[in-house]
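Here are a few warm-up exercises on helix packing and one pocket. Have a go at each before you read its solution.

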Amino acid sequence: MLEELGEGSELKGAFKGEKVVSAYSGGLDSTLVTILLTELYSFDKVYPVLVDVGQGEEEIETAFERAKILGLQPTFIDAKRELVTQYVFKCIKANGSYNGYPMGTSMTRVLIASKCVEIARKVGARYVAHGSTGKGNDQFRIENTAKYLAPDINVVAPVRELNLTRKQEEEILRKRGITSKPRRGKLGGDINLWSHSIGSGQVEDLESQYPEDYIWTKSIEEAPNEPQVIELEFERGVPVRVDGVTDPVQIILHLNRVGGEHGVGRIDIIEDGMLGLKSRELYEAPAATVLLKAHHDLECLTLDKEQLKVKRGLEQIWAYIVYHGMWYHPLRKDLDAFIDSTQQYVSGTIWVKLYKGNVDIVKRSSKLSLFSPEIRSLKETGFDQRDSIGVARILSLPYQIMSKRERQMQVSC
């Protein structure tokens with residue numbers, strides 16, 4: 001198979017004497033890439049970089065096992081805390097959601113690419129490689145990041161450049177003694193702390209269900225018949241304590257477990273990809289579902305009406321930017337500056353009830369709350385209602401003028 005791919009290809013032997021750093025997860029695509037980089041592209045040295053973004057011990061063990069078969073020694077980087085504090089927390093403050101998807105993969109690809117560039121600088125490599133196809137979104141997220149952090153770096157994408165099919169990839173790996181590991185379900189997917197992307201573009205109809213592919217969330221039928229109330233404390237827009245858990249990474253893991261137990265966080269959406277093509281995407285994101293709802297609610301309690309109006313519009317732009325691989329675009333940093341300014345008020349505690357896939361707010365508390373029942377309540381005097389008479393007259397004046405204009409138009413016609 002490799003011989004056939006190499007025949008007549010200008011890529012064959014084109015990189016002799018060069019080093020390359022390759023994003024490596026141990027999955028089919030990234031494992032294949034390490035083979036192609038050596039045997040077809042002829043790189044002298046391949047440096048696989050394995051980044052822990054919360055994919056779990058099983059996935060990491062598989063990655064090391066496959067690397068051993070190929071005679072590779074991956075550089076392992078535990079980036080879970082960085083993912084949470086530098087990416088997920090920004091997403092929470094921005095209520096980040098694109099078409100209903102909390103953008104876990106979108107952010108982790110940026111983080112992984114940044115680590116590859118970091119290692120490339122250390123080892124003196126002029127090339128960074130990845131296993132993304134030419135049909136998906138990750139190619140853009142990785143390459144935008146690499147080019148921003150290292151404008152002189154060159155990017156190699158063998159799966160895309162060779163126009164490989166999944167069947168061809170599996171055949172090449174099989175000949176190297178690497179077979180597909182048994183899937184937990186039919187589709188497989190991409191796992192990180194913030195979301196589990198199921199199938200990653202493999203769902204090709206609008207009705208099939210894949211219950212066996214959910215690894216965090218129970219079905220509604222299997223979820224407990226008794227609800228569970230959890231307590232979430234926020235400071236300046238980020239969670240600092242959840243049911244007594246204070247470590248940032250453990251907060252996410254705790255909510256993935258608890259939320260998943262109650263069937264919270266299953267997402268089935270029609271997504272508009274970066275190439276403008278629609279796809280049906282399946283996700284599960286219990287922690288993201290709970291935290292985003294609680295944070296959004298706390299903002300309603302602590303931010304002014306005008307702040308909320310502007311922020312809700314900017315949140316959509318923020319999500320669009322992050323999804324489309326523009327993490328390092330100056331506009332995201334500008335938006336973060338505004339968002340961070342609003343978050344100085346977003347502190348307090350939210351209690352939510354988890355039950356059969358639902359997340360219901362049951363109690364709110366904040367020292368910075370703008371909720372003032374002593375003024376607004378109909379049961380209290382609050383302020384002299386007669387003060388509103390003049391206000392109502394002034395506010396209604398434009399409507400009188402508009403009405404007069406409409407009558408004039410009717411007469412003219």
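Angles of 65 to 115 degrees count as roughly perpendicular, those under 35 as roughly parallel, those over 145 as roughly antiparallel, and the rest as oblique. This is a predicted model, where local features need pLDDT of at least 70, side-chain atom pairs count only at pLDDT 80 or more, and totals for chains, interfaces and linings use all residues. Residues are numbered from 1 along each chain as its sequence is written, and side-chain values use heavy atoms, with hydrogens and water left out.

**Exercise 1.** Classify the crossing of α9 and α10.

Start with the axes, which are lines fitted to C-alpha atoms over the stretch in contact, with angles running from 0 to 180 degrees between N-to-C directions. The axes of α9 and α10 cross at roughly 100 degrees and come within 7 Å. So α9 and α10 are roughly perpendicular to each other. Next, look at who touches whom (contact means heavy atoms within 4.5 Å): α9 brings Ile252, Leu255, Asn256, Gly259 and Gly260, while α10 brings Pro286, Ala287, Val290 and Leu291. Last, sort them by class: six are nonpolar, three polar and none charged. Here Ala, Val, Leu, Ile, Met, Phe, Trp, Tyr, Cys and Pro count as nonpolar, Asp, Glu, Lys and Arg as charged, and the others, Gly among them, as polar.

**Exercise 2.** Do the same for α4 and α10.

Helix α4 (residues 80-93) packs on helix α10 (residues 286-302) at about 45 degrees, with the axes 9 Å apart. That makes α4 oblique to α10. On the α4 side you'll find Cys91, Ile92 and Lys93, and they meet Leu291, Leu292, His295 and Glu299 of α10. The tally for this contact is four nonpolar, one polar and two charged.

**Exercise 3.** Work out how α2 sits against α8.

For α2 (residues 28-39) and α8 (residues 166-175), the angle is about 60 degrees and the axes are 10 Å apart. That makes α2 oblique to α8. The contact uses Leu28, Asp29, Thr31, Leu32 and Ile35 of α2 plus Arg166, Glu169, Glu170, Ile172 and Leu173 of α8. Those residues split into five nonpolar, one polar and four charged.

**Exercise 4.** Which helix gives the most to the lining of the second largest pocket?

Helices are DSSP runs (H or I, at least four residues), numbered from the N terminus. Both α3 (57-69) and α9 (248-261) supply at least two lining residues each. The winner is α3, with four residues. By class, the whole lining has six nonpolar, four polar and seven charged residues.
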